[in-house]
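The following exercises treat a single chain and a bound ligand. Each task is followed by a solution that goes step by step.

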Amino acid sequence: MPKQKPVKLSEVIMTEMVLPNDTNTLHNLMGGKLMHWMDIVAAIAAQKHSNRIVVTASADSISFKHPIALGNVVTLKAKVTRAFNSSIEVFIEVWAEDIPANKKILTHRAFFTFVAVDQNGRPIEVPEAIAETAEEIELYEGALRRRQLRLVLAKRMDPKDAVELKSIFGFEENKA
Ligand SMILES: CC(C)(COP(=O)(O)OP(=O)(O)OC[C@H]1O[C@@H](n2cnc3c(N)ncnc32)[C@H](O)[C@@H]1OP(=O)(O)O)[C@@H](O)C(=O)NCCC(=O)NCCS
C-alpha cells in the first residue's frame, strides 16, 4: 500500500437520468435520491484512495438550491480533498443537464467524510493525499478547518483544540 497518493487518482464521474420513480409530486428529483447517488460516488472515490472498505462518517453542507427536473441528466463528480489518519474527505459536485434545451447547471456541492475500516469495522490508516493543481491545493488547505468544525459539532473535539477555527470564531487561548 503506498504511503501517499495523488488525489487525482480518486476522481469518479457518475451519470444518472431522473426517472419517474426518482421524483416528488412536483416531478423533481427527491433530495434523498440525490444524497444516495452522492454517497455512492463519494464512497467510490474514498475506496479508490484507500483500497479499503469505507463507511460514511458525515455529510456536510448539502443545500438544495435548484430543483432537478424529471428527464434531466445528472452528473456527479467526486474527488478526495485530503486524508487524515483513517478518515478521508471527499468533495462532490453535481450538475443537472437538460439535453434537448442544451442547458447544464451546477446544482450542488458537498463534502462527505468516510472512514476506512478493516474486516472487523475498526478504523485503519489510509495513504496521505497529495494535492497538485491550484484547485486541489485550495481544497486540501481548507480540509483541516472543515474537519475541526465537523468534529466540534459532532462533540468529538473540544472547541479549545480546534486551532484552525480560532481565527474564524475569535476563540482566545487559556480563557475559561
Ligand atoms: C465512523 C466510525 C468508523 C468511527 O469509529 P470510532 O470508533 O468512533 O473511531 P475513532 O473515534 O477512532 O475515529 C476514527 C475516525 O473517524 C473520524 N470520525 C468519527 N466521527 C466522525 C464524524 N462525525 N465526522 C467526521 N469524521 C468522524 C475521526 O475523526 C477519526 O478520523 P482520523 O482517524 O482520520 O483521525 C464509526 O462511528 C462507525 O462505524 N459509524 C457508522 C458508519 C456507518 O454505518 N455509516 C453509514 C453506512 S456506510
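**Exercise 1. Determine how β4 is paired with β5, and which residues lie between or opposite one another.**

Step 1. Ten bridges connect β4 with β5, and the two strands run antiparallel. Strands are DSSP runs of E with at least two residues, helices are runs of H or I with at least four residues, and both are numbered from the N terminus. Two strands count as paired if DSSP finds at least two bridges between them.

Step 2. Three residues separate β4 and β5, which form a hairpin. Across this pair, Arg82 stands opposite Glu89 in β5.

Step 3. The model is a predicted one, in which local features need pLDDT of at least 70 and side-chain atom pairs count only at pLDDT 80 or more, while totals for chains, interfaces and linings use all residues. Residues are numbered from 1 along each chain as its sequence is written.

**Exercise 2. Describe the pairing of β2 with β4, and state how many residues of β4 are buried.**

Step 1. Strand β4 covers residues 73–83 and is joined to β2 by six bridges, in antiparallel orientation.

Step 2. Two opposite positions locate the register: Met14 faces Leu76 in β4, and Ile13 faces Lys77 in β4.

Step 3. A residue is buried if 20 or more other C-beta atoms lie within 10 Å of its own, exposed if 12 or fewer, and partly exposed in between, with C-beta atoms placed from the backbone. Eight of the eleven residues of β4 are buried, so this strand is largely enclosed by the rest of the structure.

**Exercise 3. Establish the strand order of the open sheet, and find which strands stand at its edges.**

Step 1. The sheet has five strands in the order β2-β4-β5-β6-β3, with antiparallel pairing.

Step 2. β2 (12–17) and β3 each have a single partner strand and stand at the edges, so one side of each is left without a neighbour in the sheet.

Step 3. On average, neighbouring strands of this sheet are turned by 30 degrees against each other, direction ignored. The axes are lines fitted to C-alpha atoms, for helices over the stretch in contact, and angles run from 0 to 180 degrees between N-to-C directions.

**Exercise 4. Determine which strands are touched by α1 and α2, and at what angles these helices run to β4.**

Step 1. Helix α1 (residues 31–50) lies across β2, β3, β4, β5 (87–98) and β6, and runs at about 40 degrees to β4.

Step 2. α2 also packs on the sheet, where it touches β3, β4, β5 and β6. The direction of α2 makes about 85 degrees with that of β4. Contact here requires C-beta atoms, placed from the backbone, within 7 Å.

**Exercise 5. Characterise the shell around the ligand: how many residues surround the ligand, and which elements supply them?**

Step 1. The ligand is surrounded by 17 residues, and the closest are Ser58, Phe84, Asn85, Ser86 and Ser87. A residue is near a molecule if its C-beta atom, placed from the backbone, lies within 6 Å of it.

Step 2. At least two shell residues come from each of β3 (53–60), β6 (103–117) and α2 (134–153). β3 gives the most, with four residues.

Step 3. The shell consists of eight nonpolar, seven polar and two charged residues. Here Ala, Val, Leu, Ile, Met, Phe, Trp, Tyr, Cys and Pro count as nonpolar, Asp, Glu, Lys and Arg as charged, and the others, Gly among them, as polar.

**Exercise 6. Locate His27 and Asn102, give their phi values, and classify each as buried or exposed.**

Step 1. His27 lies in the loop between β2 and α1. Although His27 is not a glycine, its phi is positive, at about 65 degrees.

Step 2. His27 is exposed because 12 other C-beta atoms lie within 10 Å.

Step 3. Asn102 belongs to the loop between β5 and β6. Asn102 is likewise not a glycine, and has a positive phi of about 60 degrees.

Step 4. Asn102 has 7 other C-beta atoms within 10 Å and is therefore exposed.

**Exercise 7. Summarise the chain as a whole: which elements does it contain, and what share of its residues is buried?**

Step 1. The chain has three helices and seven strands. From the N terminus on, their order is β-β-α-β-β-β-β-β-α-α.

Step 2. Of the 176 residues, 30% count as buried.

Step 3. The C-alpha trace spans about 60 × 40 × 35 Å along its principal axes.

Terms used
Contact = placed C-beta atoms within 7 Å.
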